[in-house]
Amino acid sequence: MDHDLHHDQVLSIDPDRTVAESDQAVLAVNSLPANERFIRQSLLGRGGGGSVYRAFDLKLNREVAIKVPLQCIGEERYNERMFRREVLATSRLRHPYVVTLFDFEFSESEAILVYEFIDGETLHAWIAKHPDGVEPREAADVVKKVALALQHAHSQQILHRDIKPSNILLDRKHAEVSASLEPRLADFGVAQLIHDHTRTESGESLVGTIHYIPPEVISSSTDAYSHESDVYSLGTVLYELLTGQRPFQGATVAEVLGKISRGDFSLPRHLKASIPRDLEAICLRAMARDPRHRYITAESFAQDLERFLDHRPVLARHPGAVGVVSRWVRRNPTFSSILALSAVAILAFAVLMITSNRRLAHANAEIIETNQRLSEALRSSQRALFQNEQMTYGAAMRSAAEFIDAGRLRDARNVLKQYAAGSPLEKDQDL
């Protein structure tokens, strides 16, 4: 899967050739033996896609980089088809930030691609010298130029499908002249022509290097590659330049792919607070999990980086509270599930408590109303009893008076004894 070369010198065609000549060249085979034409000087790099040598081209009278694709025994037809597709894709490209393809040779004994030699180092090697990340404006400038190169490839109906730091070269010679880093996009070894839906005959379901593969490709295989997929991979390169580390890391391939699928990575400013917020927003938009939320084209990506470099407002916006929460949920699925269940339990308990409180409040209201009715009935009874006592007292006084008038003093005394302690008139009459 990993087609990484430590110094991948790759791609574009001689600018003196016309498009028609380039397409014809794809179908032609240069019969000049490599050992008579090239003086190989040193090995520049070796990887899953083949080997790259520094050499002197006697035909072109210049230093070149020769890529010898990996030969797979028993798959000669596959190698030839892939070789020719790579040449056809690369021969369409003429851009200052793309490594130029000068020539190629293909025979039964050998297949080689002759590229412009870039005197410099890979972006991967440059990042390794800056473990805490490079200066933000330098990072933005480099990625902007690569995005322009990528836009050129897309305009020629070519998807790169393997954007990563080791496939971006820093041209030392041109950098000295321009006083800025001059990146050159290289290695279109797994490139695909848009509308050419030929799958990799080797049966691979994933193409590219796992740390830079877009999430939609993991779930839908190579058919999901698009302009936005290349933009995503370049966004991960910007992340690595800013922070000095890859956004997705893990002990196994499955762990890395799982994190990519979930969008499980730390925000750049959480790792390095000095990164400008606008630049972080640009990076996050390019790396959006949903392709619809990324930059529509590599050119729009480059234009937003240009706005940042010119101190103008950028189009990218930081994720709001909802976005931050959703990212946290994706990064912590188990813990978020526990929290969700706890929240549901708390909510259910709260609803139960509210319902119970309402029932209790209703019951309390009924009790208060009953108490008020009982109190009123008690007061009514007390008033009736008081009135009855007054009437009885009046009757007793009249009887005593009658007994006195009749000379029946003993009877009168017996009646008055009932009220020796007082009379009903002495009671509290506020009833």
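Is Glu255 buried, exposed or partly exposed? At 34% relative accessibility, Glu255 counts as partly exposed, because this value falls between the 20% limit for buried and the 50% limit for exposed. The legends below describe close-up views of a predicted model.

**View 1. A salt bridge within helix α9 joins Lys259 and Glu255.** The closest N and O atoms of Lys259 and Glu255 are 3.8 Å apart. Both residues lie in helix α9, where they are four residues apart, or about one turn of the helix. Glu255 is the partly exposed residue named above, with a relative accessibility of 34%.

**View 2. Phe83 and Phe104 form an edge-to-face pair.** By the ring-pair rule, the structure has five aromatic pairs. In one of them, the ring centres of Phe83 and Phe104 are 6.1 Å apart and the planes stand at 65°, so the pair is edge-to-face; the cut-off for that class is over 60 degrees. Phe83 belongs to helix α3 (residues 76-91) and Phe104 to strand β4 (residues 101-106), so this pair ties together parts that are 21 residues apart in sequence. Phe83 has a relative accessibility of 3% and therefore counts as buried. Phe104 is buried too, with a relative accessible area of 5%. Together with Phe106, Phe83 and Phe104 form one aromatic cluster.

**View 3. Tyr239 and Phe265 form an aromatic pair.** Their rings are 5.7 Å apart, centre to centre, with 90° between the planes, and the pair is edge-to-face. Tyr239 is found in helix α8 (residues 227-243), while Phe265 is in the loop between α9 (253-262) and α10 (268-271), so the pair ties together parts that are 26 residues apart in sequence. Tyr239 and Phe265 are both buried.

**View 4. In two places, an arginine lies over the ring of a tyrosine.** Arg40 lies over the face of Tyr53, at 5.0 Å from the ring centre. In the other place, the charged end of Arg285 sits over the ring of Tyr295, at 4.4 Å from the centre of that ring.

**View 5. A salt bridge links Lys67 with Glu86.** The structure holds 26 salt bridges, and in this one the closest N and O atoms are 3.4 Å apart. Lys67 lies in strand β3 (residues 62-69) and Glu86 in helix α3, so the pair ties together parts that are 19 residues apart in sequence. Both Lys67 and Glu86 are buried.

**View 6. Arg307 and Asp304 form a salt bridge within helix α12.** Their closest N and O atoms are 3.1 Å apart. Helix α12 covers residues 298-309, and the two partners are three residues apart in it, about one turn of the helix. Arg307 is buried, as is Asp304.

**View 7. Five charged side chains are linked in a network of salt bridges.** The members are Arg37, Asp57, Lys59, Asp103 and Glu105.

**View 8. Helix α11 is mostly covered.** This helix spans residues 277-286, and seven of its 10 residues are buried. The buried residues are Leu279, Glu280, Ala281, Ile282, Cys283, Leu284 and Ala286. They pack against four helices: α5 (136-155), α8, α10 and α12. Of these, α8 holds Tyr239 of View 3, and α12 holds the Arg307 and Asp304 of View 6.

Key
Residues numbered from 1 in each chain as written. Predicted model: local features only at pLDDT ≥ 70, side-chain atom pairs only at ≥ 80, totals over all residues. Heavy atoms only, no water. Phe/Tyr/Trp six-rings, centres within 6.5 Å; stacked < 30°, edge-to-face > 60°. Helix = DSSP H or I, 4+ residues; strand = E, 2+ residues; numbered from the N terminus. Buried < 20%, exposed > 50% of the residue type's maximum accessible area, 1.4 Å probe, protein only. Lys NZ or Arg CZ within 6 Å of the ring centre and 35° of its normal. Salt bridge = Lys/Arg side-chain N within 4 Å of Asp/Glu carboxyl O. Contact = heavy atoms within 4.5 Å.
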